[in-house]
Amino acid sequence: MKVRVNPDRCVGNGICEAVAPELFIVEDDGQARLLVDDIPAAQHELATEAVQSCPAQALDILDTERRP
Ligand code: SF4
């Protein structure tokens, strides 16, 4: 599973980082970044929660494949 930050929408409010600090960080430029390229299965639920929590709808799930 991969998540992309849309830099045109991200407002840097840090909600994704608060929800999933092991997956997201808001950099000094005010943009959220992914800390991992491919989110492991154990963190898919958390990543999805972070995506749904973004009030700017700046996070997109690119790959919903679930591995066994
Ligand atoms: S919650 Fe959304 S708008 Fe806020 S920092 Fe994360 S990606 Fe950006």
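**View 1. The ligand sits in the largest cavity.** The model shown here is predicted. Around the ligand there are 13 residues. The closest of them are C10, N13, G14, C16 and C54. Sorted by class, this shell holds 10 nonpolar residues and three polar ones. Charged residues are absent from the shell.

**View 2. The largest nonpolar core has 17 residues.** Five members touch the most other members: V3, C16, L23, F24 and L59. Two elements each give two or more residues to this core, namely β1 (3-5) and α2 (44-53). The largest share comes from α2, which gives three residues. C16 also appears in View 1, as one of the residues closest to the ligand.

**View 3. F24 and the residues that F24 touches.** Leave aside residues up to four places away in sequence. F24 then touches V3, C16, E17, R33, L34, L35, A50 and L59. V3, C16 and L59 also belong to the largest nonpolar core, and they are listed with F24 among the members that touch the most others.

**View 4. Q57 has a positive phi.** This residue lies in the loop between α2 and β4 (59-61). The phi of Q57 is about 50°, although Q57 is not a glycine. Is Q57 buried or exposed? Its relative accessibility is 58%, so Q57 counts as exposed. The cut-off for that class is over 50%.

Technical notes:
Residues numbered from 1 in each chain as written. Predicted model: local features only at pLDDT ≥ 70, side-chain atom pairs only at ≥ 80, totals over all residues. Heavy atoms only, no water. Near = heavy atom within 4 Å. 1 Å grid on protein atoms, 1.4 Å probe; cavity = no way out; pocket = protein on both sides within 12 Å on 5 of 7 lines; lining within 4 Å. Sits in = over half its atoms within 2 Å of the grid points. Nonpolar A, V, L, I, M, F, W, Y, C, P; charged D, E, K, R; others polar. Core = buried A, V, L, I, M, F, W, Y, C linked by side-chain atoms within 4.5 Å. Buried < 20%, exposed > 50% of the residue type's maximum accessible area, 1.4 Å probe, protein only. Helix = DSSP H or I, 4+ residues; strand = E, 2+ residues; numbered from the N terminus. Contact = heavy atoms within 4.5 Å.
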